[in-house]
Amino acid sequence: MNVLIIPDKFKGSLTGTEVIEAIEAGLRRFDSGVQTHSITASDGGDGFLDAIRKSDPSVAAIECETTDPLGRPIRAEYGLDASRGTAYIEMARASGMELLSAQQRDPSRTSTLGTGTLIADALLRGAKTLYIGLGGSATNDGGIGIAEALGYRFLDADGATLPTTGGSLDQIASIDASDVLPELSSARVFAINDVANPLLGPEGAAAVYGPQKGADREMVARLDRGLDRLQQIVRRDLQLDVADVPGAGAAGGTGYGLKAFLHAEFLSGIEFVLSLTGVESLLSGGTIDWIVTGEGKIDDQTAYGKLVRGVADVGEKYRVPVAALCGVLALEKASVEDLGLTRVRQIHDPVRSVDETIRHAKVLLIDAAEQLLKAG
């Protein structure tokens, strides 16, 4: 049996590498002759840069002074292959939710400015092609923070420059693009993610992802109105209408901002990482019997395009069944089949506390992997 393992991390308990090790150990218990192939993958969110650098040693880590989601000074890395003029930027490094404590999370106050600073630095170093991994963000600013770092200004009704936060969106009256970084015009930008949400509405950036970033119901409604205001002004001032493009709602509307202000093209995160590893030749050759993926929690949001869904789409493309392991299976509206998965096993037993499951995640994952591919 040949098995390709492409999991996400189990947030709060196991890294992606640890998940791979546990799954391999469990599969070998099930079948000592199993042949495994593994990829440290990313859907564009946390771990994107590590996945790129592991796949391509020519990508150097560039450390840059920037700001976190609340505007505080930090240092963050991005990847640069100077010989090819190619940069790889992981949004979570400067604008990630993991940079804030639970008490600090407030998408009305956070900004993607720090990610924009990394992009600007890469452009000034000569990057002509930029791959920007979306996901794991603490923001809901529609990408205006990134745009500010590149020279855009967002003005209120009095002509004053607004701070580029989620809470400012509903005050935008005009956009000034007169001082945009010249290097941007000759660059090609790709937004890497597997999220299909539009910018607005019940399936949009604020409604689906705002609550996990600290937004209550009232704030979600205000953020959605603000994003609507942004897209109206973009349509008028920049003559661009991209709010309904699948993926515009990624990372608090950063997908939209990258398309509107950087003219980005969208690429599937998991397919992009697979293309770098060369594993597609294995899949196209018909030698893989199963793909095993997984993440800490599989829920209805997974259907919108987390890594697990991206892996399932790859399995469908190559007609390889996909099985998944997770900490908790919490589907309400979507089904396992809706996600494109053949089977799923969770490691959490409701008779235990979640904290206990997290503490023993590796052992539980090994046990679950042993049972995953058994018939029946």
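This short talk walks through the domains, sheets and helix packing of one predicted model.

Hi everyone, a quick word on ground rules. The model is predicted, so to speak, by the book: local features need pLDDT of at least 70, side-chain atom pairs count only at pLDDT 80 or more, and totals for chains, interfaces and linings use all residues. Residues are numbered from 1 along each chain as its sequence is written, and side-chain values use heavy atoms, with hydrogens and water left out.

Let's start with the overall layout. The domain assignment gives domain 1 as 2-39 + 276-371 and domain 2 as 58-269; such bounds come from an automatic or database domain assignment. Taken over C-alpha atoms, the centres of domain 1 and domain 2 are separated by 30 Å. Six residues from domain 1 and nine residues from domain 2 make the contact, where contact means heavy atoms within 4.5 Å.

Now the sheets. Helices (H or I, at least four residues) and strands (E, at least two) are DSSP runs, numbered from the N terminus, and two strands pair if DSSP finds at least two bridges between them.

One open sheet has five strands in the order 2-1-11-12-13, with parallel pairing. Its edge strands, pairing on one side only, are strand 2 (35-38) and strand 13 (343-346). From one strand to the next, the twist averages 25°. Strand 1 (residues 2-5) runs parallel to strand 2, and four bridges pair them; Val3 has Thr36 as its bridge partner in strand 2. Across strand 11 (290-299), strand 12 (322-330) and strand 13 lies helix 13, at about 140° to strand 12. For angles like that one, axes are lines fitted to C-alpha atoms, for helices over the stretch in contact, and the angles run from 0 to 180 degrees between N-to-C directions.

The other open sheet has six strands in the order 3-4-5-6-9-10, and here the pairing is mixed. Strand 3 (60-67) and strand 10 (265-267) are the edges, each pairing on one side only. On average, neighbouring strands of this sheet are turned by 30° against each other, direction ignored. Strand 6 (residues 129-133) and strand 9 (residues 188-192) run parallel, joined by five bridges, and Thr129 is partnered by Arg188 of strand 9. Helix 2 (residues 48-55) packs on this sheet, touching strands that include strand 3 and strand 9, and makes about 145° with the direction of strand 5 (86-90).

On to helix pairs. Two packed helices are described by the angle between their axes and the distance between the axes.

Which way does helix 1 lie against helix 13? The axes of helix 1 (residues 16-30) and helix 13 (residues 361-372) come within 7 Å and cross at roughly 40°. So helix 1 is oblique to helix 13 (under 35 degrees counts as roughly parallel, over 145 as roughly antiparallel, 65 to 115 as roughly perpendicular and the rest as oblique). Residues in this contact include Val19 and Phe30 of helix 1, and Leu365 and Glu370 of helix 13.

Last pair: helix 7 (residues 217-238) and helix 8 (residues 250-262) pack at about 5°, their axes 12 Å apart. That makes helix 7 roughly parallel to helix 8. Among the contact residues are Leu230 and Gln231 of helix 7, with Tyr256 and Phe261 of helix 8.

Thanks, and I'm happy to take questions!
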